[in-house]
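Student: I should like to learn how to read contacts between chains and within a chain. May we take the structure below as the example?

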Amino acid sequence: MKVNIDSEKCQGHGRCFSLAPALFDSDDLGQGVVIGDGDVSPDQEENARLAQENCPEYAIEIEES
Amino acid sequence: MSTTDKAPVQDFATDFDHTDPSWVKDPYPIWDDLRQRCPIAHTDRYGGAWLPTRHEDVAAIAHDTDHFTSWTVVVGNGRPGEDALPPPIGVAPPITSDPPFHAMARRLLQPVFAPKQIDLYESYVRELCGKLLDPFVGGSAIDASLDYAEHIPVGVIAKMLGFPEEDGEIFRGFVHTILEAVDKEPEERIEDFQPVIDYFTARIEEHRENPQDDLTTFLLEAKLGDMELAPEHVFGSMLLLIVAGIDTTWSAIGSSIWHLAQHPEEVARLKSEPGLLDTAIEEFLRAYSPVTMARLVKEDMDYAGCPMKKDDWILLSFPAANRDPEMFENPDEVIIDRKVNRHAAFGLGIHRCLGSNLARMEMRVALEEFLARFDSFSLADPDAVTWSQGQVRGPRSLPLTLGNF
């Protein structure tokens with residue numbers, strides 16, 4: 001699984017980096033950013049989905065492998 | 001409270017008024033009814049206004065900066081006069097700004113409110129909450145709004161701007177002038193506003209003479225490109241922080257405690273599962289969203305079947321969107337472990353609340369400190385709870401009985 005943030009849609013609500021801090025962080029402006037290359041380890045898959053389902057702007061994309 | 005005698009609302013679909021006593025007391029059934037039969041209500045009051053009640057419509061309008069302007073975001077009887085800063089700037093950038101100016105004004109403030117900066121204030125908030133609550137430990141009563149919730153954001157904003165902490169009472173008066181007294185006549189509102197201008201001008205002068213490590217000095221030294229901010233921009237952004245940072249968070253903390261005071265089983269659960277608090281806070285934000293925004297229609301147009309006229313208001317109810325059954329399962333039930341919660345309490349689109357990280361931190365610390373000190377609390381008298389009027393909703397008096405029962 002891989003995660004990505006559509007930066008056009010992201011408005012910095014901060015749900016992703018609160019719910020899945022191993023996968024997402026905030027930049028200096030408070031916008032969400034993906035940590036590393038976005039690869040999700042099996043134990044983080046649930047958190048990735050949780051982040052996706054709680055983003056008010058529908059900005060999180062998940063690519064299932 | 002209302003200062004003018006207005007006709008009571010007969011039908012909220014065609015004559016709504018967000019200052020009507022029935023709305024102030026309990027707006028949720030009104031929105032549920034409108035959502036089923038309108039779903040965008042209209043009123044001739046305030047010179048013409050529309051009220052979308054479905055999440056889909058609220059989201060579409062919030063994202064549509066081509067047809068709607070944020071020039072003013074508080075519905076009132078007047079519209080901005082000729083001497084007001086025009087779009088895309090508005091009186092309180094960036095909340096009143098439109099693209100493309102909006103992005104510049106917002107970017108300037110974003111680093112100050114980014115999560116890692118906000119973390120620096122957590123110990124201050126915790127200490128403040130402790131100071132407010134400790135005198136009530138062992139007692140039998142507290143007003144969780146007047147004795148507690150109200151003082152938390154006032155203290156934080158005063159600290160951020162570098163204003164004297166003891167001026168809290170003055171800020172609260174300003175916020176009332178701007179947010180609650182919306183049904184006064186425009187001339188009266190301008191008169192009421194003068195003390196706000198005088199107060200800010202004095203603080204700006206002090207900071208010019210004696211720069212400090214605070215947000216006021218930050219704004220005075222900030223540049224857009226290589227230009228200093230216009231004095232109106234500095235004033236407007238300071239005003240924004242006072243208006244947007246105080247009543248809102250006060251309301252969110254108050255509504256959360258109001259809810260918990262009626263649900264001892266949830267209090268017990270949060271004490272035994274402290275990790276659940278963040279999820280519960282998101283649910284309180286959804287179910288009791290404090291903030292409704294506004295837009296003005298840019299040009300005459302048909303929108304979702306509504307004949308909108310230039311300068312009509314849109315009362316942009318994020319609270320109504322957050323109770324839409326098309327968006328949320330069992331929207332009127334408060335489920336403190338709700339896992340999927342794509343709520344819009346902090347708005348949607350480019351105007352997402354700049355202070356959302358701060359608000360969440362204040363809510364979390366305020367609830368943690370409250371729960372840590374009191375084993376049980378309940379409403380002293382449900383009818384004694386009073387709610388604010390206007391676009392920010394929360395309890396303004398919240399008498400609780402404290403005790404072990």
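Student: Which residue of chain A meets the side chain of Lys116(B) in a salt bridge?

Tutor: In this predicted model, the partner is Asp25(A), with N and O 3.2 Å apart. Across the interface of chain B and chain A, the rule finds three salt bridges.

Student: Which elements of chain B give two or more residues to the side that touches chain A?

Tutor: They are α5 (101-113), α6 and α18 of chain B. Of these, α5(B) supplies the largest share, four residues. By character, the residues on that side divide into seven nonpolar, seven polar and eight charged.

Student: How is the size of such an interface expressed?

Tutor: The size is often given as the accessible area lost when the parts come together. Here about 1,800 Å² is buried between chain B and chain A, and carbon and sulfur atoms give 44% of that area. In chain B, the residues that lose the most area to chain A are Lys339(B), Arg342(B) and Arg352(B), together 32% of what that side buries. Counted by contact, 22 residues of chain B touch 21 residues of chain A. There are also 13 residue pairs in polar contact between the two chains, both residues being at pLDDT 80 or more.

Student: Which parts of chain B does the salt bridge of Asp134(B) and Arg373(B) tie together?

Tutor: One should locate each partner in the chain. The closest N and O atoms of Asp134(B) and Arg373(B) are 2.7 Å apart. Asp134(B) lies in the loop between α7 and β4 of chain B and Arg373(B) in helix α18, so the pair ties together parts that are 239 residues apart in sequence. Asp134(B) is partly exposed at 43% relative accessibility, and Arg373(B) is partly exposed at 24%. Both residues also belong to a network of salt bridges whose members include Glu122(B), Arg126(B) and Arg364(B).

Student: Why does the span of helix α7 of chain B agree with its number of residues?

Tutor: One compares an expected span with the distance between the end C-alpha atoms. At 1.5 Å a residue, the 12 residues of α7(B) (residues 122-133) should span 16 Å, and the end C-alpha atoms are 17 Å apart, which agrees.

Student: Against which elements do the buried residues of α7(B) pack?

Tutor: The buried residues include Glu122(B), Tyr124(B), Leu128(B) and Cys129(B). The elements that the buried residues of α7(B) pack against are α6 (115-118), β4 (141-143), α8 (144-149), α9 (151-161) and α18 (356-373) of chain B.

Terms used
Residues numbered from 1 in each chain as written. Chains lettered and ligands numbered in written order. Predicted model: local features only at pLDDT ≥ 70, side-chain atom pairs only at ≥ 80, totals over all residues. Heavy atoms only, no water. Expected span 1.5 Å × (residues − 1). Buried < 20%, exposed > 50% of the residue type's maximum accessible area, 1.4 Å probe, protein only. Contact = heavy atoms within 4.5 Å. Buried area = accessible area lost by both parts, 1.4 Å probe. Salt bridge = Lys/Arg side-chain N within 4 Å of Asp/Glu carboxyl O. Polar contact = N/O pair within 3.5 Å; in protein donor to acceptor, adjacent residues only side chain to side chain. Nonpolar A, V, L, I, M, F, W, Y, C, P; charged D, E, K, R; others polar.
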